[in-house]
Amino acid sequence: MTASAIDPAKLDKLAQLAVTVGLGLREGQDLFLTSPTSALPLARKIAEYAYKAGAGLVTTIFSDEQMTLARYRHGHDLSFDRAPGWLYEGVAKAFDENTARLAISGDNPMLLGDEDPEKVGRANRANSKAYRPALSKIVGHEINWSIVPYPGASWAKTVFPDDAEEVAVHKLAEAIFAATRVNSDDPVAAWDTHNKALHQRREWLTGQNFAALKYSGPGTDLTLGLADGHAWKGGGGVARNGIRCNANIPTEEVFTTPHRLRVEGVVSATKPLSYNGTLIADIQMTFEAGRIVEVKATRGRDVLEKAMDSDEGGRRIGEVALVPHSSPISQSGILFYNTLFDENAASHIALGQCYSDCFIGGETITPEEVERRGGNKSVIHIDWMIGSDRIDIDGIGQDGSITPVMRKGEWA
């Protein structure tokens, strides 16, 4: 693959956007960066812009696809119940000291598709539990953090399997640059406009104070209760450390916290879920009193069930997000096999941990209050897509009144 497959000027803009709009990195603030080895060109650019912004220290940990596969093919069986807790404890300590967090997403989403699902499930469970001290800082939005994409070759070939590698990488790169608004003459201004539109949506929804959302469509008849005193989020927001950031680049969603005990009915996925290297297809779940009592999938069901059974909260919902079918990512017609993108192509829900700042007064809310208001707790957080141009969503008021929210996947 030649360097010409990825426009260097646009990649430079993406790196700058990650530091300024994604993180809002402050002078003197440290940065913890994770990246696949395939994304080294972007990681280097991000480090450059971070230091130009006055970063204290940029610490980077790289992952590598071949090293990951080596574990599954040659690792001792007992190793799949282990995770580097010492590392995550250190990361949590760094977050306590106001270190910013940036992740580059770009690995092959199907990397573990042919590996033993039992081993994949065990490793995922062990990693989720070990990561909990650090994850709590993220879901509580205690620090400024963000995720940005990079068009790795193996990911590109998954998305565009019929193209030569260089062509596939170029196509994925251009799709990424479009979705992240890097193609704009002024990406920062474009994000400012986009954030304002998302803020208008979330303010309207918070003001409605719906008791529940009702989803109707093919394979879906779901009533999803919302947490007491919930607040909708979306676009740029201010973390508890006082820094404004955009947690996902790209993003098209507004989201909030459901009530973990008040979900009833059946819901079907409208897109496949790529979860830690496994493709999970045609998901359908049935809820009773907020708990998932039945799971169906034509592929990857074992991996999904093992993740859900990590703890009690794994079979309950921690996030609900609304995305119009006309979002740029949806209209691209591309299935990215990457949650960062696919969750921004369709309305979705997430199994597991809730975002504890999705409450009125969320800046100071305690874990006990989050639980009392209905927020869910878990070591997992798995987004999967349930929206399409065939799904209607109504808001159910506290008095039982019905307000159209979405019709055929669009804002009503």
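These exercises walk through one predicted model, each with a worked solution.

Residues are numbered from 1 along each chain as its sequence is written, and side-chain values use heavy atoms, with hydrogens and water left out. Because the model is predicted, local features need pLDDT of at least 70 and side-chain atom pairs count only at pLDDT 80 or more, while totals for chains, interfaces and linings use all residues.

**Exercise 1. The whole chain**

Task: Describe the secondary structure, the compactness and the surface of the chain.

Solution:
- Start with the elements. The chain has 12 helices and 20 strands. These are DSSP runs, numbered from the N terminus: helices are H or I with at least four residues, strands are E with at least two.
- Now check compactness. The radius of gyration is 20 Å, close to the 22 Å that the globule rule gives for 412 residues, so the chain is as compact as a globular protein of that length. The radius is taken over C-alpha atoms, and the rule is 2.2 Å times the number of residues to the power 0.38.
- Add the spans. Along its principal axes, the C-alpha trace covers about 60 × 50 × 45 Å.
- Look at burial. Of the 412 residues, 55% count as buried. Buried means under 20% relative accessible area, exposed over 50%, partly exposed in between (1.4 Å probe, protein chains only).
- Finish with the surface. The chain exposes about 16800 Å², and carbon and sulfur atoms supply 50% of it. The areas come from the Shrake-Rupley method with a 1.4 Å probe.

**Exercise 2. Three strands near the chain end**

Task: Which way do strands 18 and 19 run, and how many bridges join them?

Solution:
- Take strand 18 (residues 392-396) and strand 19 (residues 402-407). They run antiparallel, joined by 4 bridges. Two strands pair if DSSP finds at least two bridges between them.
- Find a facing pair. Gly 395 stands opposite Thr 403 in strand 19.
- Inspect the turn. The two strands form a hairpin with 5 residues between them, and Gly 400 in the turn has a positive phi of about 90 degrees.
- Move on to strand 20 (residues 410-411). Strand 19 pairs with strand 20 in the antiparallel sense over 2 bridges. Met 406 has Trp 411, in strand 20, as its bridge partner.
- Inspect this second hairpin. It has 2 residues between the strands, and Lys 408 takes a positive phi near 50 degrees.

**Exercise 3. Two threonines**

Task: Are Thr 256 and Thr 251 buried or exposed?

Solution:
- Place Thr 256. It sits in strand 9 (residues 254-256).
- Apply the cut-off. Thr 256 has a relative accessible area of 1%, so it is buried.
- List its contacts (heavy atoms within 4.5 Å). Beyond neighbours within four places in sequence, Thr 256 is in contact with several residues, among them Leu 226, His 230, Trp 232 and Cys 358.
- Place Thr 251. It is found in the loop between strand 8 (244-245) and strand 9.
- Apply the cut-off again. Thr 251 is at 5% relative accessibility, so it counts as buried.
- List its contacts too. Not counting residues up to four places away, Thr 251 touches Trp 191, His 194, Leu 198 and Asn 344.

**Exercise 4. The residue after strand 20**

Task: Is Ala 412 buried or exposed?

Solution:
- Place it. Ala 412 lies in the segment after strand 20.
- Read the area. Ala 412 has a relative accessible area of 62%, so it is exposed.
- Check its surroundings. Leaving aside neighbours within four places in sequence, Ala 412 is in contact with Pro 404, Val 405, Met 406 and Arg 407.
- Add a distance. Ala 412 and Ile 393 are 19 residues apart along the chain, and their C-alpha atoms are separated by 8.9 Å.
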